[in-house]
Amino acid sequence: GALEESLPRFDSLSVLSWDRGDCVTIPPPAMRSVLGAARRRGGVVVVDLPRRVDDAVAETLAQIDVGLLVVPAELRAVAAAGRVAGAVSPALRDLRAVVRTMPGSGLGDREVARLIGLPLAGELPPEPALADPVPRGGPPGSVARGPLARFCTAFLTQACAATGSVVPV
């Protein structure tokens, strides 16, 4: 119960983010407990994972329904995403690409997904507010007409329709 109450939450969304340091080791049973607590609270659970697959990440991948690999539409990012997809795909049944489009990159969203070898979950146009070093008014995606909010709404609507669930509000 205490763990459930301590998880960060925005409306019906729980977000678990990974530490960016290389030294963090989380035992798989601890990861299982955190994910279980997030699921018991209900709603959508978003887990931000590192690019490496260790035991805790493998435990997480085994429990999630859909993985989204966010990839900037630039050649170096596509190459790196291909390596990540290759490492993650064996542990995750449903991995899809979300392509962050960039004006003038020359790479379209479908081309990026094809190069990585993943189905395209959607396109994420630039959202200037995300680059602002001082966040204003709420977490990313909280501006209803912003590109991130539009992508999330469309993706959740499609995902919930496929499972017969109700779209979280």
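This report looks at how two helices pack together and how a small group of strands pairs beside them in a predicted model.

## About the model

Residues are numbered from 1 along each chain as its sequence is written, and side-chain values use heavy atoms, without hydrogens and water. Because the model is predicted, local features need pLDDT of at least 70 and side-chain atom pairs count only at pLDDT 80 or more, while totals for chains, interfaces and linings use all residues.

## Two helices side by side

Let's start with α4 (residues 75-88) and α5 (residues 109-116), which pack at about 45° with axes 9 Å apart. Helices here are DSSP runs of H or I with at least four residues, and strands are runs of E with at least two, numbered from the N terminus. Axes are lines fitted to C-alpha atoms, for helices over the stretch in contact, and angles run from 0 to 180 degrees between N-to-C directions.

The two helices, α4 and α5, are therefore oblique to each other; under 35 degrees counts as roughly parallel, over 145 as roughly antiparallel, 65 to 115 as roughly perpendicular, and the rest as oblique. Where they meet (heavy atoms within 4.5 Å), Val78, Ala81, Gly82 and Ala85 of α4 touch Val112, Leu115 and Ile116 of α5.

## The sheet

An open sheet of 3 strands follows the order β4-β5-β6, with parallel pairing; strands pair if DSSP finds at least two bridges between them. β4 (67-72) and β6 (120-124) are at the edges with a single partner strand each, so one side of each has no neighbour in the sheet.

Between β4 and β5 (residues 95-100) there are 6 bridges, and Val71 has Val99 in β5 as its bridge partner. Helix α4 lies across β4 and β5, at about 165° to β4.
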